[in-house]
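Me: I have a structure in front of me and would like to know the reasons behind the terms used for it. Please go through them with me.

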Amino acid sequence: MKTLVIVVLCVLVAEAIKFIPNHPLIAYEGRVDRSNEYAYKYDWSGVSVKAKFTNATSLRIIIDQGNNHCNVILNGQIFEDQFAFDNLKPYNVYDLVIAKRTEAFVGIITFQGLTLNDGAQLVAIAQSGRRIEFIGDSITCGYGDVGKYPCSFSPETEDNYVSYGPRIARSFGAELHLEAWSGKGLVRNYGDPNITSKMPMPVYLPWTLATDFVSQWNFTSWIPDGIVINLGTNDFSTMPHPPQDIFQPAYVSLIASLRSRYGRSDLPIFAVCGPLIGDPCCQYVENVSKMESNVHFVNLQNILSFPQDYGCDGHPNYIGHEIMATKTIPYIESVLGWKTQ
């Protein structure tokens with residue numbers, strides 16, 4: 001129904017110009033399936049479409065979001081699931097961001113382009129030159145972060161844009177890639193009766209779409225300056241816990257795999273633990289940071305206050321995520337030499 005409304009609105013734009021997804025002045029952050037130049041697909045949390053335009057009086061975003069939710073940010077103002085804008089000022093330059101709020105299991109989004117009034121122009125977007133990647137679970141997705149405690153999760157309560165990863169990326173003006181899925185662990189998913197699972201988070205990392213193992217991601221197309229990993233919470237949230245001699249080697253293997261795929265043996269890794277888990281998980285993660293070169297332990301244990309920093313199902317709310325970002329930023333500044341903007 002959402003898509004039908006959007007399409008009808010597009011018809012109402014007189015003398016419109018359509019810019020298809022592969023237009024060189026439309027930019028993307030995150031993994032996007034670009035195999036169809038007229039319909040780009042993505043499902044990972046936080047994937048963003050970006051454009052800058054001027055001489056515009058109207059804008060239509062042609063998108064099939066399915067059951068997902070998006071933040072549409074126009075010159076810094078956030079509009080949830082709004083894809084039609086009128087009465088724009090033609091003498092303004094507009095910065096547009098369409099950010100996926102919801103995570104992969106909610107479904108795939110298909111972006112089919114932008115429609116602007118005749119005479120409007122896309123203009124080039126400045127590249128920051130900084131790139132950062134986040135890999136994690138429900139915390140990194142932003143699960144329940146805009147829900148009011150106590151509450152149960154629904155897609156409406158999830159907003160990846162205000163979670164700690166995107167907050168950190170924006171604070172540095174860095175391009176963001178983020179791969180995360182609620183309930184996934186490093187070796188054991190939440191509630192699994194076994195000490196290891198068949199489909200933990202690392203299984204999903206080679207793929208462009210998390211829900212469709214067809215298109216392999218080209219790791220050489222985008223190489224991060226650093227990777228933040230926050231895995232382990234689901235491995236140790238319920239019994240049975242994976243033993244140290246399984247968990248630690250798996251963590252080392254994940255780091256080695258990422259460095260190999262990106263072709264950087266010295267790629268900085270920020271190994272986060274917390275804020276919803278403690279030892280032995282955090283001790284094992286810290287052990288890995290001491291064993292491996294250029295791996296930096298980020299201790300986020302015991303940083304949240306109850307209930308004001310919590311959203312749905314015991315997860316951090318947007319305030320909790322702001323605390324996480326604030327605690328993590330100094331590690332990244334120190335290692336990468338970045339300064340916040």
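Reply: The model is predicted, and what follows takes its helices, cores and loops in turn.

Me: Why is Asn-287 called buried?

Reply: Buried means under 20% relative accessible area. Asn-287 has 18%, so the residue counts as buried. Asn-287 is part of helix α6, residues 281-291. Apart from neighbours within four places in sequence, Asn-287 is in contact with Gln-244 and Gln-248.

Me: Why are α5 and α6 called oblique to each other?

Reply: The angle between α5 and α6 is about 45°, and their axes are 10 Å apart. Angles under 35 degrees count as roughly parallel, and roughly perpendicular begins at 65. An angle of about 45° falls between these limits, and therefore α5 and α6 are oblique. Their crossing is right-handed.

Me: Which residues of α5 and α6 make the contact?

Reply: On α5 they are Gln-244, Phe-247, Gln-248, Tyr-251, Val-252 and Ile-255, and on α6 they are Cys-281, Tyr-284, Val-285, Asn-287, Val-288 and Met-291. By class, the contact has 9 nonpolar, 3 polar and no charged residues.

Me: What makes α3 oblique to α7?

Reply: Helix α3 (residues 164-172) packs on helix α7 (residues 318-336) at about 50°, with the axes 8 Å apart. Oblique covers what is left between under 35 degrees and 65 degrees, so α3 is oblique to α7. The crossing of α3 with α7 is right-handed. Residues in this contact include Tyr-164, Arg-167 and Ile-168 of α3, and His-321, Glu-322 and Ile-332 of α7. The contact of α3 with α7 divides into 8 nonpolar, 3 polar and 3 charged residues.

Me: How do you know that α3 is largely enclosed by the rest of the structure?

Reply: Of the 9 residues of α3, 7 are buried, so the helix is largely enclosed. The buried ones are Tyr-164, Gly-165, Pro-166, Ile-168, Ala-169, Ser-171 and Phe-172. They pack against β12, α2, β13, β16 and α7. Just after α3 comes Gly-173, with a positive phi of about 65°.

Me: Which residues touch the most other members of the largest nonpolar core?

Reply: Phe-53, Ile-61 and Ile-98 do, in a core of 66 residues. Helix α5 (residues 244-262) gives the most to this core, with 7 residues. Leaving aside neighbours within four places in sequence, Ile-98 is in contact with residues including Val-47, Ile-61, Val-72, Phe-111 and Leu-114. Another core, of 26 residues, lies apart from the largest one and has Ile-132, Val-272, Ile-303 and Leu-336 among its members.

Me: Why is Asn-302 called exposed, and why is Asp-81 called partly exposed?

Reply: Exposed means over 50%, and partly exposed lies between that and the buried limit of 20%. Asn-302 is at 76%, so Asn-302 counts as exposed. Asp-81 is at 22%, so Asp-81 is partly exposed. Asn-302 is in the loop between β18 and α7, and Asp-81 in the loop between β7 and β8.

Me: What is phi in Asn-302 and in Asp-81?

Reply: Phi is near 60° in Asn-302 and near 55° in Asp-81. Most residues other than glycine have a negative phi.

Me: Which peptide bonds are cis in the loop between β17 and α6?

Reply: One runs from Gly-274 to Pro-275, with omega near 10°. Another joins Asp-279 and Pro-280, with omega about 10°. Pro-275 lies in the loop between β17 and α6, and Pro-280 lies in that loop too.

Definitions and conventions:
Residues are numbered from 1 along each chain as its sequence is written. This is a predicted model: local features need pLDDT of at least 70, side-chain atom pairs count only at pLDDT 80 or more; totals for chains, interfaces and linings use all residues. Side-chain values use heavy atoms; hydrogens and water are left out. Helices (H or I, at least four residues) and strands (E, at least two) are DSSP runs, numbered from the N terminus. Buried means under 20% relative accessible area, exposed over 50%, partly exposed in between (1.4 Å probe, protein chains only). Contact means heavy atoms within 4.5 Å. Axes are lines fitted to C-alpha atoms, for helices over the stretch in contact, and angles run from 0 to 180 degrees between N-to-C directions. Angles under 35 degrees count as roughly parallel, over 145 as roughly antiparallel, 65 to 115 as roughly perpendicular and the rest as oblique. A crossing is left-handed if the near helix is turned anticlockwise from the far one by less than a right angle, and right-handed if clockwise. Ala, Val, Leu, Ile, Met, Phe, Trp, Tyr, Cys and Pro count as nonpolar, Asp, Glu, Lys and Arg as charged, and the others, Gly among them, as polar. A nonpolar core is a set of buried Ala, Val, Leu, Ile, Met, Phe, Trp, Tyr and Cys residues joined through side-chain atoms within 4.5 Å.
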